[in-house]
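Trainee: I would like to go through the terms used for this structure and see what each one rests on.
Mentor: Then ask about them in turn.

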Amino acid sequence: MSTIDTALQNLNITLPPAPKPVASYVPYVKTGNLVFVSGQIAMRDGKIQIAGPIPSAQSIEQGQQAARICLINALAVLKDACGGEGGGLDRVARIVRIGVFVQSNDGFDQQAKVANGASDLLIAIFGDAGRHARAAVGTNALPLNTTVEIELLAELKT
Amino acid sequence: MSTIDTALQNLNITLPPAPKPVASYVPYVKTGNLVFVSGQIAMRDGKIQIAGPIPSAQSIEQGQQAARICLINALAVLKDACGGEGGGLDRVARIVRIGVFVQSNDGFDQQAKVANGASDLLIAIFGDAGRHARAAVGTNALPLNTTVEIELLAELKT
Amino acid sequence: MSTIDTALQNLNITLPPAPKPVASYVPYVKTGNLVFVSGQIAMRDGKIQIAGPIPSAQSIEQGQQAARICLINALAVLKDACGGEGGGLDRVARIVRIGVFVQSNDGFDQQAKVANGASDLLIAIFGDAGRHARAAVGTNALPLNTTVEIELLAELKT
């Protein structure tokens, strides 16, 4: 089993089938050795799991859980991008950047804590290769009312 | 006539002169074979065409129209980036990513549908080379009150 | 003294120590000759200097000042990314893109002006190499209530 698959198993994480985009775009685009993964929402089994803004509809902890779901969806897409011919996520050289959008009521300012739900998981899975640049911001509204949306940029090994 | 120019003509789309930035930045930057196009707003002939949030000021359909205007502005800039010495937009290897910001009232959650105004057009123009990664999010406020803002990343042929 | 250090000195700008991320990510990631700098907030000496939305809590001018602080923090990180072995920020080939998030009350639409606080400074420091692509948007909420957050992408000389 690959290193990353083992890490996922130790964390009790099963990657879902890569989510299909809800619209006319593709889950990822490769350019050179970079993979741009489209914005992922807190959807599992075709249903948004955690919806609405923080703190009126969700707590910071639930927001972190939403960030984990988004990230796991992004990794499922990234695994697809790594291709089938062996290696899978072990082909990831580095997680370069994540963009994290947190649905927030006016005045909520703990987006960094919420985004850590994804950042901590990246480091738990990939170790140093999971250390990424990040922009985490709030927003008043997100697709399908997801509490969090995350896009990801990764570098593959050449 | 180039392939993409023909596609644009068949879609009855005339690219405007590349919009000048409203501020101290440039319309695009090339690095390697990537072109980063600055955020474009729903402006035509120096005037915002579609303003205010969805749904209180604009419908989803009007938002899609705003997304088309933003995208057409982005393509005008991208054509400039492709240079004058022949080829124009045919030099685009791939649309890599678009970032779509949709001015939204609290609780509006159909940003993906709005962004499809741009995504569908990319595929109509570029075919498979137009299939892009995407992040579409809501926001409460945008420059000059535009309903939509779109930035674009493209890869040029080497 | 390096060219850019001289420019900074002439502008009376002292780069602070590169800010440490407030969470589980890193200040920058290099991939190829690109450097992705994480979102920087208007923090100095461990304290947010300019907080809350425009215009209810801050003016456009104060927002521009916030954008300058964010940018200076980003340049401190970028200097770290340039490494210690000489050159420093002179190793920057080009500022490629900045993403500017402006905490805004509903209806505020002058994000471009606010973002110019950062854009003008980039051109003052780097000259033509500072001319960048940009996406400037509003948002209702930002980490630690900062008025502005800025992320930056730069290309280093090879």
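**Cavity, axis and interfaces**

Mentor: By class, 23 nonpolar, four polar and seven charged residues make up the lining of the largest cavity. Keep in mind that the model is predicted.

Trainee: What makes a space in this structure a cavity?
Mentor: A 1.4 Å probe fits there but cannot get out. The search of the whole structure finds five cavities of 30 Å³ or more, and the largest has a volume of about 420 Å³. Of the 34 residues lining the largest cavity, R97(A), E151(A), R97(B), R97(C) and E151(C) are the closest to its centre.

Trainee: Why is R97(A) classed as charged in that lining?
Mentor: Because Arg counts as charged, along with Asp, Glu and Lys.

Trainee: What relation holds between chain B and chain A?
Mentor: A turn of 120 degrees, with a shift of 0.0 Å along the axis, lays chain B on chain A with an RMSD of 0.0 Å. That is why the axis is called three-fold. In chain B, the C-alpha nearest the axis belongs to T139(B), at 3.1 Å.

Trainee: How do you know whether the copies use the same or different surfaces?
Mentor: Of the contact residues of chain B, 10% recur in chain A, and the copies use different surfaces. The contact takes 31 residues from chain B and 22 residues from chain A.

Trainee: Which residues supply the most buried area on the chain B side?
Mentor: D109(B), R134(B) and V137(B) supply 22% of the area that chain B buries against chain A, more than any other three residues. The area buried between the two chains is about 2000 Å², with 56% given by carbon and sulfur atoms.

Trainee: Why is the pair E151(A) and R97(B) called a salt bridge?
Mentor: The closest N and O atoms of E151(A) and R97(B) are 2.9 Å apart. The cut-off is 4 Å between a side-chain nitrogen of Lys or Arg and a carboxyl oxygen of Asp or Glu, so the pair qualifies. The rule finds one salt bridge across the interface of chain B and chain A, where 11 residue pairs are in polar contact.

Trainee: What does the rule find across the interface of chain A and chain C?
Mentor: One salt bridge. R97(A) forms a salt bridge with E151(C), the closest N and O atoms being 2.9 Å apart, so the pair falls within the 4 Å cut-off. Across this interface there are also 11 residue pairs in polar contact, and chain A and chain C bury about 2000 Å² between them.

Technical notes
Residues are numbered from 1 along each chain as its sequence is written. Chains are lettered from A and ligands numbered from 1 in the order in which they are written. This is a predicted model: local features need pLDDT of at least 70, side-chain atom pairs count only at pLDDT 80 or more; totals for chains, interfaces and linings use all residues. Side-chain values use heavy atoms; hydrogens and water are left out. On a 1 Å grid over the protein atoms alone, a cavity is a set of points where a 1.4 Å probe fits but cannot get out, and a pocket is an open set with protein on both sides within 12 Å along at least five of seven lines; lining residues have an atom within 4 Å of a point. Grid points are joined across faces, edges and corners, and a volume is the space filled by probe spheres set on the points. Copies are superposed by least squares on the C-alpha atoms of residues with pLDDT of at least 70 in both. Contact means heavy atoms within 4.5 Å. Buried area is the accessible area (1.4 Å probe) that two parts lose on being put together, summed over both. A polar contact is a pair of N or O atoms within 3.5 Å; within protein, one must be able to donate a hydrogen and the other to accept it, and residues adjacent in sequence count only if both atoms are side-chain atoms.
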